[in-house]
Amino acid sequence: MESIRSLLEAKAELTHGSNSTRAIVLSTRVRLARNLAQYPFPEWAKESQRREILASCLEAVKALPQMNEGNEFLVENLSDLEKQILMERHLISREMMQSKKSAGVVISGDQSCAIMLNEEDHLRIQIVRSGYKLKEIWKSINAIDNAIEATIDYAFVPELGYLTACPTNVGTGMRASAMLHLPGLVLANQMEKVVRAVNKLGIAVRGLFGEGSDASGSIFQISNQQTLGESEEEILKRLISVLDSIIEQEENARQKILETDPTKFFDKIGRAYGILSHGHLLSSAEVMNLLSLMRLAVDLSLLPEENRKLIDRALIESQPGHVQFAAHEKIDPAKRDKFRARYLREHFAGLPALNFEDLMN
């Protein structure tokens, strides 16, 4: 548990990063799927081959300068709780949580870069940063990918591109995404229309933890679906165009509610503030929606900007695994709800009163 404890105590990109210029975008991520040419994909590989793959990939990844102060975790050495914590921090996938052996992850010191080994593919390289930084991330991850490829022979054919376990990743092997906070569109009942429109453009809309997860807290993951037949630059250009459009629609939805029915915003935000400040039993699902409204309060200047980091950190630290770990003992869901509520009361005790005056005048 000590290595996990040091990871939780470190200043991480998603818990201590800041983004006030385009606050609707919580974070952006680019992920690359890569495989070694001489081995079967992990699902088809023998255990002896999986061990060889893991050893080769570990050697290449740990040699990266970005991993000098990083952490290395083998799934066979992790408890279910530790794996859940890593998943809640978006450092491993839900699929890797099910892995039993000959798989692992290497995480940079600031937790912005995580490279999964022997998940669905031999290598899943990802960089995630707070804010709207897709182009910057692509430049960084491309350099990491080139450094690994200099020591490992990737499975690649000119006609198709990079070969991957799932056919939908063949080509660039790239998934680029952004986490968007869209309470205006949710309150205006416009999200279904947005989802239908972007799906037609080859863009997927998922929940906070990717495919199959709920959009708790009005947080949606927007990503490309197509990886074959387009360059990485073309994929990013198309995704950024869609993201800019969604951001504009969210801004318009918020403005329309403020002009036509501001009481709807004020009432929801005021109730959320009261529950977080004084509640004694709070589930993780309820907290996500309440913190979403507090994030909106910062966006609308009802709370000072410096409180954004606290709220964004609470979105992660209120998840079940983090609460269980912070309790220092195994507790049932009811006790977790009590512990979570106490944690939030303590964190919200120092927040100033909501400033409705400027928006109401």
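**Figure 1. Which residue meets Glu-230 in a salt bridge?** The partner is Arg-238, and the N to O distance comes out at 2.6 Å. Keep in mind that this is a predicted model, so the distances here are computed from predicted coordinates. Glu-230 has a relative accessible area of 19%, and since the cut-off for buried is under 20%, that residue counts as buried.

**Figure 2. Here we look at Arg-129 and its salt-bridge partner, Glu-136.** The closest N and O atoms of the pair sit 3.3 Å apart. Buried or exposed, what is Arg-129? At 17% relative accessibility, Arg-129 goes down as buried. Glu-136, on the other hand, comes in at 44% and is classed as partly exposed. Arg-129 also belongs to strand E5, where it shares one side with Leu-123, Ile-125 and Ile-127.

**Figure 3. This view stays inside helix H14, with Asp-337 and Arg-340 in a salt bridge.** Their closest N and O atoms are 2.9 Å apart. The helix covers residues 333-348, and because the two partners are three residues apart in it, about one helical turn separates them. Arg-340 has a relative accessibility of 1%, so this arginine counts as buried.

**Figure 4. Five charged residues share a network of salt bridges.** The members are Glu-250, Arg-254, Asp-299, Glu-305 and Arg-308. Arg-308 is a handy place to start, as helix H12 runs over residues 308-317. That helix is mostly covered, with seven of its ten residues buried. Which ones are they in H12? Arg-308 is on the list, along with Leu-310, Ile-311, Asp-312, Ala-314, Leu-315 and Ile-316. Arg-308 is therefore both a member of the network and a buried residue under the 20% cut-off. For the wider tally, the structure holds 18 salt bridges.

**Figure 5. Strand E5 is covered on both faces.** The strand takes in residues 123-130, and eight of its eight residues are buried. On one side you'll find Leu-123, Ile-125, Ile-127 and Arg-129. The other side carries Arg-124, Gln-126, Val-128 and Ser-130.

**Figure 6. Strands E1 and E4 each pair with E5.** How many bridges join E1 to E5? There are eight, and the two strands run antiparallel, with E1 spanning residues 25-34. E4 (residues 113-117) is also antiparallel to E5, and five bridges join that pair. Gln-126 makes a good landmark in this view: Arg-31 stands opposite it, and so does Ala-114. E4 and E5 form a hairpin with five residues between them. In the turn, look for Asn-118, which has a positive phi of about 60 degrees.

**Figure 7. Finally, here is the setting for the close-ups: a protein chain with 15 helices and ten strands.** Taken along the principal axes, the C-alpha atoms fill a box of roughly 65 × 45 × 30 Å. What radius of gyration does the protein chain have? The value is 21 Å, which agrees with the figure near 21 Å for a compact globule of 361 residues. Of those 361 residues, 54% count as buried. Among contacts with a separation of 6 or more, 71% come from residues 24 or more positions apart. As for the surface, the chain exposes about 16500 Å², and carbon and sulfur atoms supply 49% of that.

Conventions: Residues are numbered from 1 along each chain as its sequence is written. This is a predicted model: local features need pLDDT of at least 70, side-chain atom pairs count only at pLDDT 80 or more; totals for chains, interfaces and linings use all residues. Side-chain values use heavy atoms; hydrogens and water are left out. A salt bridge is a side-chain nitrogen of Lys or Arg within 4 Å of a carboxyl oxygen of Asp or Glu. Buried means under 20% relative accessible area, exposed over 50%, partly exposed in between (1.4 Å probe, protein chains only). Helices (H or I, at least four residues) and strands (E, at least two) are DSSP runs, numbered from the N terminus. Two strands pair if DSSP finds at least two bridges between them. The radius of gyration is taken over C-alpha atoms; the globule rule is 2.2 Å times the number of residues to the power 0.38. Contact means heavy atoms within 4.5 Å. Accessible areas come from the Shrake-Rupley method with a 1.4 Å probe; for residues, only the protein chains shown count as cover.
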